[in-house]
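The following questions and answers go through a model of a complex, starting with confidence and ending with single residues.

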Amino acid sequence: MHALWQRVASLAGSLGLSCSLLLLLGLLTWLGTLEQARSGLYEVQRKYFESFVLLHDLGPVSLPLPGANLVLSLLALNLIVGGMLRIAKRRSTVGVMIVHAGILLMLAAGFAKWRFSSDGQITLYEGQRAAHFEDPYRYELSIVEHRESGERLEYRVPQETLVPPRGAERVRLRGEGLPFVVEVAGYARNARVQRKGPRFEVAVPVLEGLFLQQLEPELAAERNIAGAYLKLLGTGSDEPPQAIVWGAQAQPWSFRSAGRSFSFDLRRERHAMPFAIELDDFAKLDHPGTALPASFTSDVTVHAAGSESALRISMNEPLRRDGLVVYQASWGPQGAGANARLFSTFAVVRNPADQWPLYSCIVITLGMLLHFGRKLRTALRLQAALR
Amino acid sequence: MKLAWRLLLLACAVWLCAPLLAAQQAARAPWTPRSIEAAGSLIVQEGGRLKPLSTLANFTLLRLSGRRSYTDAQGVRRGAVEFLLDVLYFPKQAAEAPVFLVNDSALLQTLELELPGKQKRDRYSFHELEPGLPRLFALAHDYGALDPKQRSSVQGELVLLAERVDAFLRLNRQESIALIPPDDGGSGEQAQTWLSPAFAFAALSRGETPSAARQRVFAALDAMANTRHEPRVFEARLEQLHEVLGGFAAVREASGSVELERFYYRINALGWSLGSFTIAFLVAAVGWIRPAWHWLHRSCVALCACGTLALVLAIVLRCLIRARPPVSTLYETVLFITAVGVIVALGLEWFNRQRLAASVAAFAGMLGLFIANGYETLDAKDTMPSLVAVLDTNFWLATHVTAITIGYSAGLLAALLGSVYVIAKALRLARVGPEQFRALGGMLYGVLCFGLIFSIVGTILGGIWANESWGRFWGWDPKENGALLIVISQLAILHGRLGGFLREAGVAVAAAAGGCVVAFSWWGVNLLGVGLHSYGFTSGIQSALSSYYGLQGGVVLLGLWAIRRDRRAARAVLAGPASGAAEPPRGRRAA
């Protein structure tokens with residue numbers, strides 16, 4: 001048993017495994033990079049870099065490959081066993097162990113980001129305020145009961161729940177306190193609401209002259225606009241109420257049942273913030289005589305419980321507060337004229353490992369300087385002796 | 001007062017129409033050297049920055065003709081500033097100048113032009129192209145709407161020619177020469193924006209009242225237009241324009257960096273550097289044929305040192321002109337990578353004095369500057385442009401960009417050293433003995449370690465910058481992936497060496513293959529057309545890149561063949577009676 005364990009540990013910490021995993025990671029990175037021109041970053045990221053196994057399309061055949069999650073996990077194991085535990089503990093290997101510790105910290109930062117972070121965007125015109133940020137890639141169905149007292153009771157259904165399981169065509173949602181069952185059919189990641197014309201037929205329901213046209217997902221996944229058909233079952237009416245909900249709808253769908261008022265909104269997934277941001281002033285400065293942006297600056301007021309503070313967020317100078325980091329990310333509308341009203345877009349990130357890469361960079365640099373500095377000194381001495 | 005305004009308006013109109021009037025003139029006196037000098041040193045705003053008119057003229061002519069000078073109908077070689085003055089004041093002569101480069105004469109058939117006596121790749125005058133212009137612009141409108149990757153070579157060439165002709169016409173209409181400075185004491189965007197004569201005239205036509213200072217500029221420009229047939233008087237008027245412009249605070253503020261830029265282009269340090277490295281390479285080549293002539297080696301090192309000094313001087317001047325760290329554009333990466341490569345190679349030469357590193361330094365310097373020159377000609381755009389907001393940060397340009405570029409440089413130098421090793425090994429060059437191979441192996445290992453430090457640190461710093469700017473450390477963007485690939489390849493080589501999977505020759509072969517990884521990261525990912533770093537695309541780069549991949553692929557195959565051959569030979573020796581010449585058995589090396 002001991003011998004078997006020794007063999008397993010020896011294999012897990014071997015340089016052969018290190019090289020194999022590095023080459024596999026290199027192959028995945030290369031294939032994933034080339035694939036981006038065809039499938040877009042979001043899809044590639046999920047398929048190659050956030051997976052444990054994948055099938056790479058080679059035309060007539062598919063090549064099974066381990067995903068980056070699996071390769072990086074094995075690499076971390078290999079690093080701990082071979083590069084930290086089993087490595088000969090000598091003065092000459094101190095630098096190597098420090099480098100390995102730094103790389104482990106980097107991998108841990110990546111894991112923490114993948115598992116525990118959330119990010120999204122806030123888009124504001126001057127004078128607008130937001131206390132939440134939106135995930136540009138994910139949608140959710142928000143069902144709100146508006147009570148006469150003014151109270152709002154919200155049910156939020158995540159994107160995964162809206163997608164029917166394999167073989168099924170629809171999903172039924174039941175909520176405690178909801179006087180009906182919500183049936184979601186034809187959920188599409190990317191869709192447009194179209195008017196049904198007299199000269200063509202469609203295979204999907206047409207509601208008030210409109211239907212939901214399913215589209216191919218965009219390469220830039222943030223451009224996808226989700227859509228679905230909703231049907232309310234158990235409302236007592238002969239014909240169950242139906243509606244199209246769509247990510248770009250101006251107003252949610254409203255419905256009254258037995259004196260109770262509900263609204264249904266398919267929107268980008270929202271994450272609450274512990275403070276609200278109000279955009280006071282947005283300035284975009286171009287390089288003179290060109291349309292090349294020289295700087296974007298947003299003057300904002302941060303409203304927190306009982307306090308207000310005026311701050312400036314600009315490119316490369318984010319706001320860090322309450323575990324969130326708010327960055328100046330973009331502006332729009334693109335191609336707006338000189339006097340057009342502009343909006344400012346902020347990227348918001350909640351990442352417990354925000355500064356870990358910086359720490360790991362320092363550790364790795366120190367380790368490498370120690371190790372390679374030592375090697376250089378030895379080589380110089382040897383060369384001097386040869387002369 | 002109103003009358004005065006009308007007169008001024010009329011004067012400006014006359015001055016703007018001067019080119020048309022001048023078109024009636026059959027000949028003109030050549031510009032005096034002082035006029036050329038004075039015109040070239042005028043300050044203009046273009047692409048969001050202030051620069052000498054000579055820079056604008058040079059890059060415009062480069063964009064039109066692929067050269068910075070041209071030969072006129074009389075066979076006289078003329079510079080870019082002369083060409084620009086001709087376009088402004090003697091457009092008929094400018095229209096006769098063969099400055100429009102057409103790479104494929106099939107384009108002329110598309111334009112239904114018959115111009116006998118020309119070669120497949122040739123230069124044409126505006127006058128020659130004029131009958132085909134309506135068709136040129138109509139077709140360019142259609143082809144311009146196509147994805148550049150979908151265009152045929154003739155379609156691409158046609159769009160390019162339309163852009164060139166448009167640039168010429170804009171120059172002729174004086175739209176692209178913003179030399180009228182903003183008034184002192186202004187604020188906002190207007191206080192930063194310089195006006196071209198055409199736009200200033202448009203403002204006058206709208207009834208806007210210019211400041212007294214700007215009126216003096218108009219008067220000086222008018223006087224120049226009126227005296228264009230008298231070279232000496234024109235020269236004096238040009239001096240007067242300089243005096244008038246000197247009254248603007250914006251001109252005085254910019255004059256330091258603009259003069260420095262004039263100095264930078266005048267001394268042509270990059271040209272001298274290229275010349276030094278080219279001669280050094282030739283000297284090194286002769287030195288390998290005649291190893292006993294030690295003075296050749298010393299000359300090679302001295303020439304390389306001169307070339308390096310000139311290159312470093314050029315980089316430092318560019319930093320001073322733009323007040324930026326050494327690398328902020330793709331063009332500057334070429335200069336910086338070359339400089340770091342030759343400095344490291346010369347350092348290696350000083351370290352082991354085997355003549356190999358000096359020869360590599362000469363070749364790397366020559367090749368790097370040829371690439372820089374070629375890219376500048378292909379791209380034909382200002383190599384010191386304004387930067388977009390996110391790049392405009394000297395801290396990250398100085399740290400991340402510099403570090404990652406040093407990593408590129410070390411990777412390419414390692415690939416070069418590896419290729420030299422492989423070729424020498426495969427061809428069994430008599431001049432490269434076991435000592436030289438050992439030295440090459442040592443150098444290769446040192447350069448890989450050096451490169452790994454900068455590649456890792458540069459890549460992580462890039463992530464930290466992205467975290468500061470966009471809130472994510474790593475986004476699997478193609479450029480980030482390219483940097484990661486370099487790190488992975490260098491780590492794999494060093495771990496393979498440590499584990500005994502790669503011996504000296506194996507490391508050399510792997511390092512040669514690593515050159516492809518660096519080239520993919522440096523140029524290849526930019527050509528994918530996706531991600532945050534999709535810039536610097538220029539037709540012609542893809543074929544150069546493919547050639548490099550092919551070349552390095554050939555070296556790798558050669559290396560694998562040589563390793564197999566030598567292993568067989570070693571086995572044969574071991575099997576024979578006199579063993580002892582074989583390589584040591586595989587095994588784990590000391591960390």
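Q: What is the mean pLDDT of chain A, and which elements of chain A mark the lowest and highest confidence?
A: This is a predicted model, and 99% of the residues of chain A reach a pLDDT of 70 or more, with a mean of 90. By element, the lowest mean in chain A is 87, in helix H1 (residues 2-12) of chain A. The highest is 94, in strand E11 (residues 242-246) of chain A.

Q: Which elements of chain B have the lowest and the highest mean pLDDT?
A: Chain B averages 87, and 91% of its residues score at least 70. Among its elements, the lowest mean, 45, belongs to helix H1 (residues 2-22) of chain B. The highest, 96, belongs to helix H21 (residues 504-522) of chain B.

Q: Over which residues of chain B does pLDDT stay under 50, and how many contacts does each such stretch have in the model?
A: One stretch is residues 1-26 of chain B, with 27 contacts beyond four places in sequence. Another is residues 579-591 of chain B, also below 50 in pLDDT. Where pLDDT is low, the predicted coordinates should not be read in detail. Beyond near neighbours in sequence, the contacts of residues 579-591 of chain B number 20.

Q: What ipTM does the predictor give the complex?
A: Two scores are given for the complex. The pTM is 0.85, and the ipTM is 0.83.

Q: Which element supplies the largest share of the side of chain A that touches chain B?
A: The interface joins 52 residues of chain A to 52 residues of chain B. Elements of chain A that each supply at least two residues include helix H3 (41-49), helix H5 (94-116) and helix H7 (356-386), along with strand E14 (293-304). By class, this side of chain A has 30 nonpolar, 19 polar and three charged residues. The largest share, 14 residues, comes from H2(A).

Q: Is A:Cys19 buried or exposed, and which residues of chain B does A:Cys19 contact?
A: A:Cys19 lies in helix H2 of chain A. The cut-off for burial is 20 or more other C-beta atoms within 10 Å, and A:Cys19 has 21, so A:Cys19 is buried. Leaving aside neighbours within four places in sequence, A:Cys19 contacts B:Ala492, B:His495, B:Gly496, B:Gly499 and B:Phe501.

Q: How far apart are the centres of domain 1 and domain 3 in chain A and in chain B?
A: In chain A, domain 1 covers 2-116 + 356-386 and domain 3 covers 137-270. In chain B, domain 1 covers 2-180 + 201-253 and domain 3 covers 414-574. Taken over C-alpha atoms, the centres are 45 Å apart in chain A and 46 Å apart in chain B.

Q: What share of the residues of chain B count as buried?
A: Chain B has 22 helices and six strands, and its C-alpha atoms fill a box of roughly 110 × 55 × 50 Å along the principal axes. Of the contacts in chain B with a separation of 6 or more, 72% join residues 24 or more positions apart. Of its 591 residues, the buried share is 47%.

Q: Which helix of chain B gives the most residues to the largest nonpolar core?
A: This core has 151 residues, and B:Cys304, B:Ala362, B:Leu417, B:Leu444 and B:Ala511 touch the most other members. Among the residues that B:Cys304 touches are B:Phe277, B:Val342, B:Leu346 and B:Ala362. A second, separate core has 61 residues, including B:Leu62 and B:Phe90. The helix giving the most to the largest core, with 18 residues, is H19 (residues 434-470) of chain B.

Q: What distance separates the end C-alpha atoms of helix H16 of chain B?
A: Of the 23 residues of H16(B), 18 are buried. B:Arg353 follows H16(B) and has a positive phi near 45°. At 1.5 Å a residue, helix H16 (residues 330-352) of chain B should span 33 Å, so the model agrees, with its end C-alpha atoms at 33 Å.

Q: Is B:Asp142 buried or exposed?
A: B:Asp142 lies in helix H8 (residues 133-144) of chain B. Its C-alpha atom is 9.3 Å from that of B:Val159, 17 residues apart along the chain. A residue with 12 or fewer C-beta neighbours within 10 Å is exposed; B:Asp142 has 11, so B:Asp142 counts as exposed.

Methods: Residues numbered from 1 in each chain as written. Chains lettered and ligands numbered in written order. Predicted model: local features only at pLDDT ≥ 70, side-chain atom pairs only at ≥ 80, totals over all residues. pLDDT = per-residue confidence, 0-100. Helix = DSSP H or I, 4+ residues; strand = E, 2+ residues; numbered from the N terminus. Contact = placed C-beta atoms within 7 Å. Nonpolar A, V, L, I, M, F, W, Y, C, P; charged D, E, K, R; others polar. Domains from an automatic or database assignment. Core = buried A, V, L, I, M, F, W, Y, C linked by C-beta atoms within 7 Å. Expected span 1.5 Å × (residues − 1).
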